[in-house]
Every structure is written in structure tokens, then in C-alpha cells.
Amino acid sequence: MPLIAAYTGARREEIAGLMPKDIIKVECTLCFDIDGNDLRRIKNLPSQRKVPIHSHLIELGFMDYVEALRTKGSPFLVPRFGRRFGKLRQEARAANAGGYR
């Protein structure tokens with residue numbers, strides 16, 4: 001997640017909700033297709049976008065990682081968070097509802 005965030009500027013929630021099918025090719029460029037679907041929302045309409053995948057991520061083996069997830073049938077690029085990320089965020093907000101101590 002940190003590398004994707006650093007190279008794209010995408011929000012944590014957007015990255016946590018990315019799926020292997022959200023890696024697409026636009027013309028000759030690999031991109032993250034950030035869009036809402038049944039399992040995740042986007043903040044607003046301008047948040048819907050295609051973000052090119054930085055060449056350094058590709059050099060680090062990102063596409064091999066994506067293919068491995070596709071082969072396993074994993075619904076999310078970051079399986080540890082995926083669907084649970086929103087719930088974890090809500091729990092953290094509830095824990096801090098009284099303010100920071």
C-alpha cells in the first residue's frame with residue numbers, strides 16, 4: 001500500500017479497495033482503474049479516474065504480484081485489508097470519539 005500511495009497519490013481507501021481486475025491497459029499504458037463498484041465507493045465523481053502505474057512499481061514485480069492474485073482468485077490487491085478496511089477505519093474512529101489522549 002505505501003508504494004502505491006507514494007507513486008499514485010491515491011487515498012488509502014481507494015488502494016485498499018483495488019481489485020486485480022482494476023489493473024487495466026489504456027492504449028499501451030498499465031493503469032489503476034479507480035472507480036466505485038458493489039464492494040467499494042469512491043469519494044466523489046471526480047475521484048473516478050485511471051492512474052498510470054509507475055514504471056518503478058512494474059520493475060519491482062508488481063505485475064507478477066497481480067497475476068499471482070488473479071491465479072489465486074483473490075478479490076483484492078491488498079487481501080489483508082480489502083473489505084475489512086472500511087470496518088477497521090470505523091472502529092478506529094469510534095475508539096477516538098472522545099478525542100485524542
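**Group meeting: a three-stranded sheet and its helices**

Let me start with one pairing: strand E1 and strand E2, residues 29-34, run antiparallel and share 4 bridges. Two strands count as paired if DSSP finds at least two bridges between them. The elements themselves are DSSP runs numbered from the N terminus, with at least four residues (H or I) for a helix and at least two (E) for a strand.

Before going on, this is a predicted model, so local features need pLDDT of at least 70 and side-chain atom pairs count only at pLDDT 80 or more, while totals for chains, interfaces and linings use all residues. Residues are numbered from 1 along each chain as its sequence is written, and side-chain values use heavy atoms, with hydrogens and water left out.

Now the confidence. pLDDT is the predictor's confidence in each residue, from 0 to 100. The protein chain has a mean pLDDT of 80, and 74% of its residues reach 70 or more. Strand E1, residues 23-26, has the highest mean of the elements, at 96, and helix H5, residues 84-95, the lowest, at 51. Where pLDDT is low, the predicted coordinates should not be read in detail.

Next, the layout. The protein chain has 5 helices and 3 strands, and along the sequence they follow the pattern α-α-β-β-β-α-α-α. The strands make an open sheet in the order E1-E2-E3, with antiparallel pairing. E1 and E3 are the edge strands, each pairing on one side only. From one strand to the next, the twist averages 45°. As a reminder, strands of a sheet pair through backbone hydrogen bonds, either parallel or antiparallel.

Back to E1 and E2, residue by residue. Ile 23 is opposite Phe 32 in E2, Lys 25 is opposite Leu 30, and Val 26 is opposite Thr 29. These two strands form a hairpin with 2 residues between them. Glu 27 sits in that loop between E1 and E2. What is the phi of Glu 27? It is near 55°, a positive value in a residue other than glycine. Glu 27 counts as exposed because its relative accessibility is 75%. The cut-offs are under 20% relative accessible area for buried and over 50% for exposed, with partly exposed in between, using a 1.4 Å probe and protein chains only.

On the other side of E2 is E3, residues 49-52, joined to E2 by 4 bridges and running antiparallel to it. Here Ile 34 stands opposite Arg 49 in E3. Both of those residues come up again with Glu 14, which is in helix H2, residues 12-16. Is Glu 14 buried or exposed? It counts as buried, because its relative accessibility is 6%. Leaving aside neighbours within four places in sequence, Glu 14 is in contact, meaning heavy atoms within 4.5 Å, with Ile 34, Ser 47 and Arg 49.

Another buried residue is Met 19, in the loop between H2 and E1. Its relative accessible area is 6%, so it is buried. The C-alpha atoms of Met 19 and Pro 79 are 9.1 Å apart, with these positions 60 residues apart along the chain.

One helix to place against the sheet is H4, residues 62-72. H4 lies across E1 and E2 and runs at about 125° to E1. For such angles, axes are lines fitted to C-alpha atoms, for helices over the stretch in contact, and the angle between N-to-C directions runs from 0 to 180 degrees.

A word on cysteines. How many disulfides does the structure hold? There are 0, a disulfide being a pair of cysteine sulfur atoms within 2.5 Å. Cys 28 counts as exposed because its relative accessibility is 73%, whereas Cys 31 is buried, with a relative accessible area of 5%.

Last, the totals. Of the 101 residues in the protein chain, 31% are buried. The accessible surface is about 6,900 Å², and carbon and sulfur atoms hold 53% of it. That area comes from the Shrake-Rupley method with a 1.4 Å probe; for residues, only the protein chains shown count as cover. Among contacts between residues at least 6 apart in sequence, 49% join residues at least 24 apart.
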